[in-house]
Each structure stands twice: as structure tokens, then as C-alpha cells.
Amino acid sequence: MARAVNDKSGLLSEEALTKYRIELLVKGTVVIGPQTLFTQDDLARIDQLQTEIPEEQVQEGDAGDSHNVFVKRVRVDPPGRPPSNTNGTAPRQIIELLEKKDRSFALKKVLGASSDYVIRRCQMHRMPPGSFVGIHLDAESDPDFEYSVIVQLAREFEGGEFVVYPSAYEQQVFRPPFGGVLVTTCKVRHEVKPVRAGERRSLVYFCSRRSGANRRIIEGSTGSL
């Protein structure tokens, strides 16, 4: 009989986690359904805490890529420095929620890690109509980024599809439901298509097995996504 990671929270059995791990290995991206890694209470708590964090508009990424998205920074990962939480108690509480033992165990199984992953960067994204995230590579922000985890926090919006480009001739399109979690490798280019109506909101964090200073060297833009 499969051993549940946490029956109360609805986290998946080890067999189901292994299935997601295989899909991630094969496709580079996997969507984990609602009420698995995050419960309704978890999502409500994240929504409550994020109201305390200041917001900024980002129009240029680390590699000069074009964006139009509103960002609330929870943990930052500047070049030459180790990751650190932003000011206030809300960022710390969000990170603590993400790093809860059962959730970390489940995610570690999906990522196939033999050691624990650390969260190097974490932020909230808000995308009203006209917002988009241009094609980019997460590893250009930090060469140690291995996987990004995207928690969908919005129910009703049009557009805003997450599109991955495994090769020059292939694309994969994802639209996770409310409470769903998209996990993707940071080694493949991707984008978020323009939002046409409603508001797309998500929590995004980047995982790595390395916890030291960001080894990226700034050569031009100081913009950051």
C-alpha cells in the first residue's frame, strides 16, 4: 500500500510523486494538481501575507529580456551574494510555509534530489491585462537555478499561458488551474503569454542544491525578474 506523505494535507503518495518525477525527467515540465503540494489554507495564507510586501513593475529581466509584470520580492538572489529574505515578517513567514517538512519532502521526491534543495529566489507575480513575461532562461539569472516552482493563485483570467520551448521546433503550453503547481527545469527557455482579461497571479520560487553566493556576473542590465 502506498504511504501517503501527509494524509491531512492531501500530499501525494510516493508512487504518485515518482510518476511526476518521471514526467519531469522526460518533458522537463510537470503540472501537479490542486490540493496536493498546497492546501486551500496554504493558498489563503500566502495571499494574506503577500499584501504586506511592496510591489514594483518589472519591464526588463537579468539578461535584457522584455517583460511587463508586477513583482513582490520575498527572497532575493543578487549576483555575488547569497540569497536573503526581503525586509519584514511576511517574507520570512512565506519561506517558512514553503519549507515545511512534508512539502519539502514531496518536492524533493519530484525533483529527484538526493539532498535537500534550497530556495534561492522567491517572488509574487501579478499580471493584469496586457502583462507578459518574455522568452527567457532562468539560469541566466543564477547559473545554479535548477528548477522553478510556480503556484497558481488566480482563478479567472484569459491568456497568460506558460509556454516552454524544449527546442527550436517544439513548444509545450501549460495553463495550471487554481492551486496547481507547475515545476519546470531552469535550463529551457520559456515565456508567459500576454494576459487578455482578468488577472493572473502566482508565487514563483527557484530551487538549487547550492546555497552560496550567486555566481552570475553583471555585464549590463541591472534589471531583475
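**Close-up 1. Leu 98 and its contacts in the nonpolar core.** Setting aside residues up to four places away in sequence, Leu 98 touches Phe 38, Arg 103, Ser 104, Ile 119, Cys 122, Leu 203 and Tyr 205. Keep in mind that this is a predicted model. The largest nonpolar core has 36 residues, and Leu 98 is listed with Phe 38, Val 183, Leu 203 and Tyr 205 as having the most contacts inside it. Helix H3 (residues 89-98) gives this core its largest share, 5 residues. There is also a second, separate core of 18 residues, which includes Val 69, Leu 182, Val 188 and Val 204. As background, nonpolar side chains in soluble globular proteins tend to be buried together.

**Close-up 2. The buried face of helix H3.** Look here for Ala 90, Pro 91, Ile 94, Ile 95, Leu 97 and Leu 98, the buried residues of H3. Seen down the helix axis, they fall within an arc of 160 degrees, so they line one face of H3. What do the buried residues of H3 pack against? Their partners are H2, strand E5 (66-76), E6, helix H4 (101-111), strand E7 (118-127) and E16.

**Close-up 3. Helix H4 and the glycine that follows.** H4 buries Arg 103, Ala 106, Leu 107, Val 110 and Leu 111. Down the axis of H4 these buried residues fit within an arc of 135 degrees, so they too line one face of their helix. Arg 103 also lies over the face of Phe 38, at 4.3 Å from the ring centre. After H4 comes Gly 112, with a positive phi near 75 degrees.

**Close-up 4. Helix H1, one side buried.** H1 (residues 14-27) has 14 residues and reaches 20 Å from its first C-alpha to its last, close to the 20 Å expected at 1.5 Å a residue. Its buried residues include Leu 17, Tyr 20, Arg 21 and Leu 24. These cover an arc of only 105 degrees around the axis, which puts them on the same side of H1. Flip to the other side of H1 and you find Lys 19 and Val 26, both exposed. Just after H1, Gly 28 takes a positive phi of about 85 degrees.

**Close-up 5. Stacked phenylalanines, and an arginine over a ring.** The model has 2 aromatic pairs. In the pair formed by Phe 145 and Phe 206, the ring centres are 4.7 Å apart and the planes are at 10 degrees, so the pair is stacked. Phe 145 lies in the loop between strand E8 (132-136) and strand E9 (147-152), and Phe 206 in strand E16 (residues 200-208), so the pair ties together parts that are 61 residues apart in sequence. Are Phe 145 and Phe 206 buried or exposed? Both are buried. Another ring to find is Phe 157: the charged end of Arg 175 sits over it, 4.2 Å from its centre.

**Close-up 6. Gln 35, a loop residue with a positive phi.** Most residues other than glycine have a negative phi. Gln 35 is not a glycine, yet its phi is positive, about 60 degrees. You'll find Gln 35 in the loop between strand E3 (29-32) and helix H2 (40-50). It is partly exposed, with a relative accessible area of 34%.

**Close-up 7. Pro 194 in its loop.** Pro 194 is in the loop between strand E14 (189-192) and strand E15 (195-198). With a relative accessibility of 42%, Pro 194 counts as partly exposed. Leaving out residues up to four places away in sequence, it touches Ser 131, Phe 132, Glu 158, Gly 159 and Gly 160. To place it against a residue from elsewhere in the chain, take Ile 22: the two are 172 residues apart along the chain, and their C-alpha atoms are separated by 30 Å.

**Close-up 8. Gln 59 and Asn 87.** Gln 59 is part of strand E4 (residues 56-60). Ignoring neighbours within four places in sequence, Gln 59 is in contact with Asp 65, Ser 66, His 67 and Asn 68. Gln 59 and Thr 39 are 20 residues apart in sequence, and 32 Å apart in space, C-alpha to C-alpha. Asn 87 is in the loop between strand E6 (84-85) and H3. Asn 87 is exposed, with a relative accessible area of 77%. From Asn 87 to Phe 178 the C-alpha to C-alpha distance is 28 Å, with their positions 91 residues apart in sequence.

Terms used: Residues are numbered from 1 along each chain as its sequence is written. This is a predicted model: local features need pLDDT of at least 70, side-chain atom pairs count only at pLDDT 80 or more; totals for chains, interfaces and linings use all residues. Side-chain values use heavy atoms; hydrogens and water are left out. Rings of Phe, Tyr and Trp (its six-membered ring) pair if their centres lie within 6.5 Å; planes under 30 degrees apart count as stacked, over 60 as edge-to-face and the rest as tilted. Helices (H or I, at least four residues) and strands (E, at least two) are DSSP runs, numbered from the N terminus. Buried means under 20% relative accessible area, exposed over 50%, partly exposed in between (1.4 Å probe, protein chains only). A charge sits over a ring if NZ of Lys or CZ of Arg is within 6 Å of the ring centre and within 35 degrees of the ring normal. The expected span of a helix is 1.5 Å times one less than its number of residues. The arc is that of the directions from the helix axis to the C-beta atoms. A nonpolar core is a set of buried Ala, Val, Leu, Ile, Met, Phe, Trp, Tyr and Cys residues joined through side-chain atoms within 4.5 Å. Contact means heavy atoms within 4.5 Å.
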